[in-house]
Amino acid sequence: MNYSEYDVIIVGGGAAGLACAVSLLKCGKNSKICLVDAGERFGKKLAATGNGQGNISNTDMTAAHFHGGNISVAEKIACANAYDGAKLFGCVFGADDRGRIYPAGRQASALVDSLLHSLRGAECVTGVKISKIIKGNGGFAVYEDKRLVGKAKFVVLCTGGKAQKQFKTDGSAYALATSFGHTLTPLYPSLVQLKTDTKHIKALKGIRADCIVTASCNGKTLAKARGDVIFTDYGVSGNAVFSVSSYITDKQNVTLSLEFLPDFSAEQIEQSIAVQKAAGREESELLSGTLHNQIGRAVIKRAGTASPREIVRTLKNFTLEVCGNLGFDYAQVTKGGINMGEVTGVLESRLAKNLFFAGEILDVDGDCGGYNLQWAFTSGMTVAREILNRL
């Protein structure tokens with residue numbers, strides 16, 4: 001049987017796998033590296049990040065933006081320097097007014113091209129789904145079904161989670177880790193559109209609004225975010241919704257409160273309504289010019305009165321009951337994964353020496369705004385540094 005022997009086999013050619021491979025290659029040790037992915041192209045998900053603009057990190061890089069197990073390890077790895085991931089590339093990066101870090105060219109596909117260019121010297125294999133890994137005295141044997149793909153001293157699992165199966169991440173790759181005795185924490189969609197009661201928003205489909213979104217469960221505030229809310233026929237989408245979704249997809253009895261016009265006080269809006277009333281405007285048009293007309297009408301209808309105070313109270317606390325989400329196929333990332341208590345501070349398995357993990361496969365997920373890519377890049381780079389110390 002023909003196969004090759006390597007120093008390192010990296011399973012998964014997404015952001016974490018690419019970061020690990022490129023970091024190993026840049027060291028100058030001439031290590032023999034194999035990067036293998038089930039898809040036909042490396043970095044496909046990375047090319048779509050940040051609406052195709054490449055939001056790789058965030059200047060507000062603190063542990064509070066990450067969720068899952070053993071966050072102290074994630075904090076040490078991801079939060080040291082918000083621009084750590086940018087070191088993989090040769091271009092200029094900068095942050096917008098919300099701290100989101102992008103390449104100056106705002107083109108995620110160019111970041112993928114840069115990483116692919118840096119892969120020269122590695123064995124790159126696409127369209128191969130690894131189904132089994134066996135550890136022996138000499139290292140690991142990696143298989144596609146019954147075909148031996150290669151052997152290596154080190155194996156790094158960067159196979160992603162269960163979100164967005166169009167990128168070959170359907171959750172089946174967790175079995176590669178559980179075959180070594182690793183446990184899987186409960187999985188939930190994260191950074192995902194939310195299904196809500198649509199009684200009060202049926203006329204708002206397709207409309208976008210700048211809101212502060214507060215998610216609460218049984219009266220306790222779980223998360224708050226400001227950004228776009230997009231009304232849909234099933235509920236709500238938009239970056240503010242994605243931001244709070246990571247806190248609530250594993251919860252029941254969740255309510256969203258939308259605050260429209262967050263930059264204006266209740267008194268300012270009440271005065272505007274009073275002026276409209278004095279001018280003889282119809283009740284349904286009292287927010288015309290202040291809010292999108294259809295949103296304004298929905299707010300007034302729900303308030304059930306022409307009282308400026310009641311209208312503003314509804315406008316500042318427009319509640320929606322959450323009844324679900326669109327699931328893993330639409331989620332940007334997976335909440336949950338391989339138990340972080342079963343890996344070391346350098347992401348090595350505590351159950352199988354020289355088996356490492358990086359990226360979304362682990363029980364770490366981040367908020368919307370570049371946190372998940374920062375984790376993917378820095379976890380891949382951390383594993384590469386540890387392997388280089390042992391080669």
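Start with helix H2: its buried residues pack against strand E4 (66–68), strand E20 (364–366) and H9. Keep in mind that this is a predicted model. H2 itself spans residues 71–78, and its buried residues are Ile 71, Val 73, Ala 74, Ile 77 and Ala 78. Why do they sit on the same side of H2? They cover an arc of only 155 degrees around the axis, so they share that side of the helix.

**The cores**

What about the neighbourhood that H2 packs into? Trp 375 is a good place to look. Leaving out residues up to four places away in sequence, Trp 375 touches Ala 74, Ile 77 and Ala 78, and those three are among the buried residues of H2. The other residues that Trp 375 touches include Phe 66, Met 340, Leu 347 and Leu 362. Gly 359, Glu 360 and Val 364 are also in contact with Trp 375.

Trp 375 also shows up in the largest nonpolar core, a set of 80 residues. Within that core, the residues with the most contacts are Ile 10, Leu 157, Trp 375 and Phe 377. Which helix gives the most to this core? Helix H9 (residues 371–390) does, with 10 residues. Apart from this core lies another one, of 38 residues, and Ala 225, Val 229, Ala 298 and Leu 320 are among its members.

**Aromatic rings**

The structure holds 7 aromatic pairs. Ring pairs link Phe 89, Phe 93 and Phe 377 into a cluster. Here are two of the pairs side by side.

| Ring pair | Distance of centres | Angle of planes | Type |
|---|---|---|---|
| Phe 89 and Phe 93 | 5.8 Å | 50 degrees | tilted |
| Phe 89 and Phe 377 | 5.8 Å | 75 degrees | edge-to-face |

Phe 89 lies in the loop between H2 and E5 and Phe 377 in helix H9, so their pair ties together parts that are 288 residues apart in sequence. Are these rings buried or exposed? Phe 89 is buried at 7% relative accessibility, Phe 93 is buried with a relative accessible area of 14%, and Phe 377 is buried at 0%.

Two charged side chains also lie over ring faces. Lys 135 is placed over the face of Phe 140, at 5.4 Å from the ring centre. Arg 302 lies over the face of Phe 318, and here the distance to the ring centre is 4.8 Å.

**A three-stranded sheet**

Next up is an open sheet of 3 strands, ordered E3-E6-E5, with antiparallel pairing. Its edge strands are E3 (57–58) and E5 (93–95), each of which pairs on one side only. E3 and strand E6 (residues 100–103) run antiparallel and are joined by 2 bridges. Which residue in E6 is the bridge partner of Asn 58? That would be Arg 100.

**Helix H3 and Leu 116**

Leu 116 belongs to helix H3 (residues 108–117). With a relative accessible area of 31%, Leu 116 is partly exposed. Setting aside neighbours within four places in sequence, Leu 116 is in contact with Leu 18 and Phe 42. Leu 25 makes another reference point: its C-alpha atom and that of Leu 116 are separated by 12 Å, with the two positions 91 residues apart along the chain.

**Two loop residues with positive phi**

Finally, a couple of backbone oddities to check on screen. Lys 168 has a phi near 65 degrees, a positive value in a residue other than glycine. Where is Lys 168? Look in the loop between strand E10 (147–157) and helix H4 (174–178). Lys 168 counts as exposed, at 52% relative accessibility.

Asn 218 is not a glycine either, and its phi is positive at about 50 degrees. Asn 218 sits in the loop between strand E13 (208–217) and strand E14 (220–231). Its relative accessible area of 65% makes Asn 218 exposed.

Definitions and conventions
Residues are numbered from 1 along each chain as its sequence is written. This is a predicted model: local features need pLDDT of at least 70, side-chain atom pairs count only at pLDDT 80 or more; totals for chains, interfaces and linings use all residues. Side-chain values use heavy atoms; hydrogens and water are left out. A nonpolar core is a set of buried Ala, Val, Leu, Ile, Met, Phe, Trp, Tyr and Cys residues joined through side-chain atoms within 4.5 Å. Buried means under 20% relative accessible area, exposed over 50%, partly exposed in between (1.4 Å probe, protein chains only). Helices (H or I, at least four residues) and strands (E, at least two) are DSSP runs, numbered from the N terminus. Contact means heavy atoms within 4.5 Å. Two strands pair if DSSP finds at least two bridges between them. The arc is that of the directions from the helix axis to the C-beta atoms. Rings of Phe, Tyr and Trp (its six-membered ring) pair if their centres lie within 6.5 Å; planes under 30 degrees apart count as stacked, over 60 as edge-to-face and the rest as tilted. A charge sits over a ring if NZ of Lys or CZ of Arg is within 6 Å of the ring centre and within 35 degrees of the ring normal.
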